[in-house]
Amino acid sequence: MSSRTFEWNWYSKPIINYNKRKKNCVLEKCGDHHPLKLTSTTVFTNKNVLIDDPLSSSITYGDDPLSRPAQLTPTAFDDADNDWLDDLPPWSHYKQSILNSYTTSEKLSFHSLSKNVQSATIRSRLEELEEFDDQVEYSEKELYDLTQQEFVSHMDNLGKEIIHAWSNEQRVKALKIVIQCTKILSYTSPMQFYPSKFVLVTDLLDLFGELVFKRLKSKSEIIDGHVVKLPDNFTPNMVPEGAKETCQNWFFKIASIRELLPRLYIEAAILRSYRFINPNEQNNALLRLIKMVRGIGNPLVALYARCYLCRIYVSTNLTVNYFEESFKDILLTYKQLNSRYVSKEVQTQNMSMEKFFQLLCPALEWIVKGLSAGKDALKLDEIVRWCTLQNLHGLLINTIVNTFPGNYLAIKAEYLINLISKWEYDVVPQTLVIQNLGNSLRGHIVPNAQNVLREAWKMVTKVKDSERYMACAEAWIYFIVKHFKNKEISIFMNDITRHLSNRVGIERFHSQLHNILQHLLNYIEDFENTFHLNYLLPYLDMFGSDTNKAASCKIVLEAYRTRGENVMSTDPVINDCLMYMCKILHDSVDSLTVEDEVRQISRLIACFIFRVNYGNDLEKYLNFYMEARGVFIRLDYVQSALIQCVNKLMVMSVSASRVLVKNSFARACSAYCYITIPSITSPLVKLQLYILTGQTSLLNGCLGQADACLKAASITVRDFPALLEIDGHTINTEPILVSYIKQMLSILLVVPDCPDQEVMHQVRILINSIRQYSWTDPMQPHLLYLYVLDMMATATLDTYPYRIPDVDSNDVLYGREPQFVADVDSMCTILLDNILEQLKNIADKPSCQKQLAFELLIRIIVRADLNEIQMATLAINLWKLTRKNKIIDSIIEDNKVSYIIDFCENEDDDIYYKFINKITRNHIDSVQK
């Protein structure tokens, strides 16, 4: 008794007329009815007027209002283009940098308030000024030994307390808190914290000024018990008398404050409230306040007071420029900065004069920035002349360098450098001004750039302080790269290396060295020659530790990736230099390196490998790839890139020649790939590379190597994981695996059989792998067997539909020899048994059964010999099975039936006409039923 479940034997079709099939598959010409043709639609109105339909016509750039650039759309700001205040950055841009830069570890003291029941006399006097409901008075008490964070928190709490008191109609309390806070600005200790203290206190003043203005506005909007909204550009005529009287009372209260500083600051905070009584008084009041600052003896306190008044001027948008008035007062009192009184106070704070001058910079720079905004070159020249007339004008020139427009500084760069070089002594170091000048010249073309750099660097090279030297070098690298070629750049970089070599504590300059290197590589004009210059490797050696050196090498390779498309990688100097940096970067990878960092490093190294160019010398390529394989052993991405490059070499060798020397080179390349692929961990990449190497080996006629790679690919299929993590996402691998199996079947068709192996031995290995794989879908292996049937039935033909040049496939080796055909048909018979067994097993799943039966029926009609009674009978039985139920979509079913009928009608054999008549009659009967 036979061990087979079914007695159906497969018989392959002897001849397939591919030429006839190609003619039947020619696409029809669409003519004027091409579906992708651009159509123009017109609309006729009832007056027979032709109108273009904007929704049907094609939209060109600029016609679509949604895609039109924003700059083409007119805005409401066109009239404000000439407003010079637009060039002045808002104070909010300075606040955070001040708070971060000016800190202290010393303890702070603060005058706070404590509750005390007030007398009826005092309360009645306050009620005369405004209707207050306060029943308590607040007396001062002093808080000692506050840390900086406690002080900041206390100021924040006072801001909340002001809002709370104001909302509870306790405006006396709010005013007293503001007065006490403002008094803090008269105490400069600790001096290094004063700029931050100024920011914190003026925030409270701004809050208080806003509360007063909103209260006056709300009182102005109540007229005869009715609420009338006050416009933004209101005039005093629109304000009721009650609100005007309240506004005057506020100014009277502030005028009664005894101390100068609180009176000045608080009046400035509510200055815009003059709009309720007399807007013109704002100008007079602000000018009066600016003159009152002359009575403040401490230059630090006075300068920040002027800064606040200028801020108020900007916020109120007055017509007179008070920046100039304030700056002239600064120049009049400038010599006070070098007085013995100031020097003594600075010494008591254990601070140098240079540090003291740095405390003045935020306020002074903001004032000069406002002074220079919107000015032409002549006005700016005049301001510079004012500053140069002062003794020890380093602070003023440094402020000009930081605040004046860059295009003006570029024109005056040579003059400013000569001016700085003439300083015999100044509190502000020359190098600090030079550093700031270099930062300000970024992006600007400087006349006589060579003279500017020569004079500037004469002063910088004399500096023994490495920190100041590196600050200047980091600032001027932008200027040097923009204006000079490789010679000057090389001198500059060598000077940095010489200056820092063998210095203790060079680690603290690593970030600056990184910045210099990165800007140099990103903006240097002649990028290729950078690798020829002798400064690059010594410069990298200054980074010392492996981590820092790897970071610097990454900067170089990243620049090479983005800018190195035209770099001639044939140069051995460049290749050696880049190889050295790639080794450093590779060696920095360890088990703790994050995956994203490994990916970035791998791509940088692969970019270098892809760009190496030895022309037509394929041996040099292979030697380089062999060296790289041993160097970059830790990175899978780089290993796969090397394998792809070697496969490219095999393709290049095909076009070069077809002699024995070429074949030996191709075998060496194939052996390289076959040895390297197992070291890659990703099974998906391994499968891809095995298939690729098998194809290129076959293309070169290396049949033994192709056999080995395709066999390894089949084994990889057997062990392929069901799930893979790709870019952080877990995916099901079965669809991917199926696509690669189909690709392998198309390759195996043209792979000739090995004389020492059985017929179609590679296909047998693949079938075993498909059978042994743990499929989640039990239908999947049988669907793949259908594709194997396609391939093996095609393998029995006397001429294959495609071939590899100079490679004799089985159609040439066997020439449809009967024993070969019988062996292949026996393999097909085994697959057919498996498929029929599956059809029997899925009888309880009609839709799956019908789908599999349809697919098998198509294979039998197209690939099998229907003249054999078993094949014809099996085809009829399968057709009847597909007609048993209507599970499949009728449209899909009709398409499949139409395909079968069309195919049979184009065949010359009579058996196909008989088969058509049989199934057509059955099909009509089933439809009628």
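Here are two short exercises on the pockets of this predicted model.

**Exercise 1. How much space lies in the largest pocket, and which elements and residues line it?**

*Step 1.* Start with the volume: the largest pocket holds about 880 Å³ of space.

*Step 2.* Now look at the wall. There are 29 lining residues, and those closest to the pocket's centre are Glu 595, Asp 636, Tyr 637, Ser 682 and Val 685.

*Step 3.* Next, find the elements that give two or more residues to this lining: α26 (595-611), α28 (636-656), α30 (683-699), β7 (723-726) and α32 (734-748). The largest share belongs to α30, with 7 residues.

*Step 4.* Finally, sort the lining by class. You get 13 nonpolar, 9 polar and 7 charged residues.

**Exercise 2. Find the second largest pocket: how many residues line it, and which lie nearest its centre?**

*Step 1.* Count the lining of the second largest pocket: 27 residues. Nearest the centre you'll find Gln 358, Cys 361, Leu 432, Gln 435 and Asn 436.

*Step 2.* Trace the elements behind that wall. Two or more residues each come from α2 (92-101), α13 (353-372), α15 (394-403), α18 (430-440) and α20 (466-483). Here α13 gives the largest share, 7 residues.

*Step 3.* Check the space inside: this second largest pocket has about 660 Å³.

*Step 4.* Wrap up with the classes, which come to 12 nonpolar, 9 polar and 6 charged residues in the lining of the second largest pocket.

Terms used
Residues numbered from 1 in each chain as written. Predicted model: local features only at pLDDT ≥ 70, side-chain atom pairs only at ≥ 80, totals over all residues. Heavy atoms only, no water. 1 Å grid on protein atoms, 1.4 Å probe; cavity = no way out; pocket = protein on both sides within 12 Å on 5 of 7 lines; lining within 4 Å. Points joined across faces, edges and corners; volume = space filled by probe spheres on them. Helix = DSSP H or I, 4+ residues; strand = E, 2+ residues; numbered from the N terminus. Nonpolar A, V, L, I, M, F, W, Y, C, P; charged D, E, K, R; others polar.
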